[in-house]
Amino acid sequence: MAKYEFHEFEMETGRSRCVFGCEMTDYDTPITPKENILRSLKGEPVWLPSTFDLGYLFPRCVPDNPAKGNVSDYKLPPEELGGLDMFGIDWEYVPQVGGSTVRPGNPLLSDANEWKDKVKFPTKEYIDSWDWETAKKNADSFMRRKDLWEIVICTGFYERLISFMDFEEAAVAMIDEDQQDAIKELYDKLADLYIMLIEKYLEVFGAENIDAVCLHDDWGHQRGIFFSPDTLREMVVPYMKKVTDFIHSKRMIAECHSCGKVDALIPLYIEAGFEMLECQMLIDFDAAIPQYGDKLIFHVSPEVPAEGASDAEQIQAARAYVDKMIGYGHPFLMDNYYSDPSALSKTFTDEVYRYSRQRLTE
C-alpha cells in the first residue's frame, strides 16, 4: 500500500471538535479516518487509528440504547436514561458509573427453561415502528461521513441472560445441564433477532454507510473470567458466530465489546469471528498483542500524564505511547473512551497523530 509523507500543514486546519468530552484537532488527513482503520486491519495504518475516528450508532429510537445509557443522537440528561428495553426489562441508570443495570430482586425468569413462556421477543413490526426517520436525520447531521460508522448492539448473549435472570442465577444456569439446552435455544433466537436488527440499520442508514457492528457481551471481571473457555465455547461462541457470519456476508467488520481481565478468552473472540476487541486495560497487552494481534485489533487506552502536566510532558507521553504501540508490530486502536477527558489533552492527541504519521512513513 502507498505511504504518505507527513506535512505539518495537516495539523493547521484551525478546526477542532469534541469527542467523548475531549477537544481534538480535526486534521487534514491524506486519507479518510475510515480508510485508515481499514488499512489497519491489514497492518498498514497511515497514522495510529483511534476511537475518535469511529462513528458509533446508538440511536435513541432503539429502546435498549436509552435503557442502557448509550445514546448517540441526543444529549439526554441522566433522568431520561434507563427505563424499559425492547424486551420490557426495566433498567436503572447510575450516573456515577455512566451506565445502567437491571434492578435486581425481581427477575423475569427463575429458570432458563421458562423463557419460551415468559420472554416476549421483539417482532419485525415492533422494530419497524421505532422512529427510524428521526434517527436517520440526526445521524446525517452529526456524524462525519469520513469516519467508520459502527452499529452497536448494547446487550449480547450472556448479558441478555443476566437481564432476564439476575447475575447469580444466570451464571448457575450457564453450567446447569438441566438449563443449558434452553439457553442454547434462547441464544439462537437472540442471534436471529440481532441479525434482523442489523438488517434494519442497513436499510435505514444505507449499507454503503455502515462499516462495522459491535456486539456487547462482558465475559470477565477485574481479576479474571466468569466461565471456563470450554463453557463459553459450547454455550455462546456458536451463536455469536452466527451473527458475525452474517456481518461478514455484508462485508462489514465484526467487533466485540467485552470487559474484564479476559486474556484467557482471546482465542474465543477470534473463533467467534471478531476482528476487533473493545477491551479494558486489564489485559496484558505485552503478551496478547504479539501473540494474537495479527488476528484481532485490540483497543489500547493510553497512559496519559496527570491533569495540569506541561506540554513537554504530554508530548513525551504521547511519543512513548506511539513507540510502544508500533513496537508491538501488529494493528491496534487507541481507545480514548476509557481515558480521563480532563487528562487527555489536545497536546497529547495532536502529538499522537503527528508522531505516528512520522513513524509510520519510516
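The points below go through the sheet, the helices that lie on it, a helix pair and one further helix of this predicted model.

1. The sheet is open and has seven strands, arranged in the order β3-β7-β8-β9-β10-β11-β12 with parallel pairing. The edges are taken by β3 (54-57) and β12 (332-334), each of which has a single partner strand, so that one side of each is left without a neighbour in the sheet. Neighbouring strands are turned against each other by 25 degrees on average, with direction ignored.

2. Within this sheet, the register can be followed from β9 through β10 to β11. Strand β9 (residues 253-257) runs parallel to strand β10 (residues 276-278) and is joined to it by three bridges, and glutamate 255 has methionine 276 of β10 as its bridge partner. On the other pairing, β10 and β11 are matched in the parallel sense over two bridges, with isoleucine 297 of β11 as the bridge partner of methionine 276.

3. The side chains of β11 deserve a look in the viewer. Ile297 and His299 point one way from the strand, while Phe298 and Val300 point the other way, and all are buried, the histidine being counted here among the buried residues.

4. Two helices may be examined against the strands. Helix α1 (residues 33-40) packs on the sheet, where it touches β3, β7 (148-153), β9, β11 (297-300) and β12, and its direction makes about 70 degrees with that of β7. Helix α8, for its part, lies across β3, β7 and β8 (212-216) and runs at about 145 degrees to β7.

5. Helix α8 (residues 177-205) also meets helix α6 (residues 158-165), their axes coming within 10 Å and crossing at roughly 115 degrees, in a right-handed sense. From α6 the contact draws on Tyr158, Arg160, Leu161, Phe164 and Met165, and from α8 on Gln179, Ile183, Leu186, Tyr187, Leu190 and Tyr194. By class, the residues of this contact divide into nine nonpolar, one polar and one charged.

6. Helix α14 (residues 346-359) can be checked for its length and its surroundings. At 1.5 Å a residue its 14 residues should span 20 Å, and the end C-alpha atoms are 20 Å apart, which agrees. Of these 14 residues 10 are buried, so α14 is largely enclosed by the rest of the structure; the cut-off for buried is under 20% relative accessible area. The buried residues include the charged side chains Asp350, Glu351, Arg354 and Arg357, and among the others are Phe348, Val352, Tyr353 and Tyr355.

How values were computed. Residues are numbered from 1 along each chain as its sequence is written. This is a predicted model: local features need pLDDT of at least 70, side-chain atom pairs count only at pLDDT 80 or more; totals for chains, interfaces and linings use all residues. Side-chain values use heavy atoms; hydrogens and water are left out. Axes are lines fitted to C-alpha atoms, for helices over the stretch in contact, and angles run from 0 to 180 degrees between N-to-C directions. Helices (H or I, at least four residues) and strands (E, at least two) are DSSP runs, numbered from the N terminus. A crossing is left-handed if the near helix is turned anticlockwise from the far one by less than a right angle, and right-handed if clockwise. Contact means heavy atoms within 4.5 Å. Two strands pair if DSSP finds at least two bridges between them. The expected span of a helix is 1.5 Å times one less than its number of residues. Buried means under 20% relative accessible area, exposed over 50%, partly exposed in between (1.4 Å probe, protein chains only).
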